[in-house]
Amino acid sequence: MSFARSIADLFSKETSGATDAEVTAAISTHNTSANGHVKRGNTASRPGSPVIGDLYYNTEIKDLEEYTEDGWLIVAKQVPRVPVIGTATLGGSNNVSVSFTPSQYGQPSSLYTVQSNPGSYTATGSSSPITVLGTNLTIGTSYTFRVKSSGTYGDSSYSSYSSSITPVSLSSYESIESVTVGSGGQAIVNFTNIPSTFSHLQIRAFTIGTTHAYFTIRANNDSSSNYAWQQLSADGASVTTDAGINSSTMFCGQGSGSSTAGAVTVVDLLDYKNVNKFKTFRTITGFDTNGAGGIWYRSGLWMNTNAINSLSVVSNNLFGQYSVIALYGIKG
Amino acid sequence: MTTTYEKIQTATLGSAQANVTFSNISGSYTDLVLVGSAKSLNTGTDSIGIAVNGNTSSIYSRTYLEGNGSAVTSGRQTAQIRIVSDYIMGTSGTADFGVYTWNFMDYSNTTTKKTVLFRGNNTAVSGGWNTSSMVYLVNITSAITSLTIATMNGPNLASGSTFTLYGIKAA
């Protein structure tokens, strides 16, 4: 066997139909010099038109390189090959599931990293698909994703980007503003500049405090006698009903009078921006302090057709520390 | 504005089972809202009971307002062992399921005790109440991290019972 054919055998080349000269020429084109040695030189001198599988001894890094689908890689210490990006799909909570196909060549990979654009949010996993949590993504923003693999000798480059996907709003219920009462207490919580982009409003309150017995609500800072209210209440022993008309206050939430066990209230205010209707408030509120308590259903009316753009939540005295009063909007 | 009212966990029973547990509840919300539609396999009266953080000791007290079409009542009880729906439980052997909403306000704070607002309804129950509103005090200051839902008299929650836990986060 000729020297050239032995070299060809080394690289598993089919040479049965070729002359020794043809084999030598073919091999030397890519892998070897005329003397049979693997081509060598610095990075800048790599072969100009390599094909997959070509070998090259890089004198700068003093190691053998192979030309691969991902370019020149060190043979003995290759990073994993670049995965092929697949599709990005939205889940029920705006989580994005990114699929990809690991390369079937090269070094094994134990970890894959998906990265978003924009934001560069990353998520990792050992296999496809990998989920990027929706809590990291902005509703209405278009995102693309790419993936890379990690192995013993480092990371591959990132793949190309996926097609774009845009998280959408999954809820018509949005937080507008909230107040958590600090030390010293607070008498009034004002929600001003309420946007008109919703259909309905809801106030959710956890109120606490030794001097806090109840709270009322004023709309648009109106403190004149334009309110009416009715209630069905139970105190653990009896059920009663009560009402007030032409009142300057509209009873809504109850207080517990306790510093450790609070009262809870949910107030619904429907069609708050309608300019042809008086505004009706619907409230359920109550507390239990392991010895005292009550529960109230209340209807409240603000006898005004103006759109509501501010609400004042007013304690009879002081909302205690740790009270939480939050305003939400509901789109319809 | 921040979109909120997120579904955290849900359970729909494909067959009867003793309980449903929502565990590892994140503390990242302001309030929890649990909604359910459920029925017991018990042929007598029954109630749903919820154990907070798996606790079935006497840490629950309540004040309630209830009606059944002919009477209305209010009462208060202390040293209860669960948050109980008070006989609102659907009717075994029929398609009548009770419907429920529990509001767990400021559930993750570690300073104050936990107050829960409950509303339950059904129309075909025998021997119980049809409309119930309650305020429960759970005498713990630790954060609520799990809710275990079961029948009070057993044996099981019926197939088709559903529960969904939502989180509401204030801005």
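**Reading cores, strands and contacts**

Analyst: Let's jump in at A:L311, which touches A:F191, A:I194, A:I217, A:A219 and A:L327, leaving aside residues up to four places away in sequence. Keep in mind that this is a predicted model.

User: Okay, how do I read a cluster like that? Which residues have the most contacts inside the largest nonpolar core?

Analyst: The general idea first: in soluble globular proteins, nonpolar side chains tend to be buried together. Here the largest nonpolar core has 92 residues, and A:L311 is among those with the most contacts inside it, along with A:M250, A:L327, B:I83, B:V116 and B:Y136. Apart from that one lies another core, of 15 residues, including A:V96, A:I130, A:L137 and A:V147.

User: Let me zoom out to chain A. How many helices and strands does it have?

Analyst: Chain A has two helices and 23 strands. Of its 332 residues, 37% are buried. Now take the contacts in chain A with a separation of 6 or more: 63% of them are between residues 24 or more positions apart.

User: Pick a strand for me. Why is β23 of chain A described as largely enclosed by the rest of the structure?

Analyst: Count its buried residues. Strand β23 (residues 324–330) of chain A has six of its seven residues buried, so it is largely enclosed by the rest of the structure.

User: Which way does β12 of chain A run against β23(A), parallel or antiparallel?

Analyst: Antiparallel: seven bridges join β12 (residues 173–180) of chain A to β23(A). To find your place in that pairing, look at A:E174, which stands opposite A:G329 in β23(A). Strand β14 (residues 200–207) of chain A also pairs with β23(A) in the antiparallel sense, over seven bridges. There, A:Q202 stands opposite A:Y328 in β23(A).

User: Now the backbone oddities. What kind of peptide bond joins A:N117 and A:P118?

Analyst: As background, most residues other than glycine have a negative phi, and most peptide bonds are trans. The bond between A:N117 and A:P118 is cis, with omega about 5 degrees. You'll find A:P118 in the loop between β7 (111–117) and β8 (122–125) of chain A. Chain B has a case too: a cis bond joins B:G154 and B:P155, with omega about 5 degrees. B:P155 is in the loop between β12 (147–151) and β13 (162–168) of chain B.

User: And phi? Where is A:N246 found, and is that residue buried or exposed?

Analyst: A:N246 has a positive phi, near 45 degrees, and is found in strand β17 (residues 239–247) of chain A. It counts as exposed because it has 10 C-beta neighbours inside 10 Å, and the cut-off for exposed is 12 or fewer. B:N53 has a positive phi as well, near 55 degrees, but is located in the loop between β5 (48–52) and β6 of chain B. With 17 other C-beta atoms within 10 Å, B:N53 is partly exposed.

User: Last one: the place where the chains meet. How many residues does the contact take from each chain?

Analyst: A general point: the size of an interface is often given as the accessible area lost when the parts come together. Here we can count residues instead: the contact takes 39 residues from chain A and 37 from chain B. On the side of chain B that touches chain A, β1 (2–3), β6 (60–67), β7 (72–80), β9 (98–105), β10 (114–121) and β11 (131–138) of chain B each supply at least two residues. By type, that side of chain B has 14 nonpolar, 16 polar and seven charged residues.

Key:
Residues are numbered from 1 along each chain as its sequence is written. Chains are lettered from A and ligands numbered from 1 in the order in which they are written. This is a predicted model: local features need pLDDT of at least 70, side-chain atom pairs count only at pLDDT 80 or more; totals for chains, interfaces and linings use all residues. Two residues are in contact if their C-beta atoms, placed from the backbone, lie within 7 Å. Helices (H or I, at least four residues) and strands (E, at least two) are DSSP runs, numbered from the N terminus. Ala, Val, Leu, Ile, Met, Phe, Trp, Tyr, Cys and Pro count as nonpolar, Asp, Glu, Lys and Arg as charged, and the others, Gly among them, as polar. A nonpolar core is a set of buried Ala, Val, Leu, Ile, Met, Phe, Trp, Tyr and Cys residues joined through C-beta atoms within 7 Å. A residue is buried if 20 or more other C-beta atoms lie within 10 Å of its own, exposed if 12 or fewer, and partly exposed in between; C-beta atoms are placed from the backbone. Two strands pair if DSSP finds at least two bridges between them.
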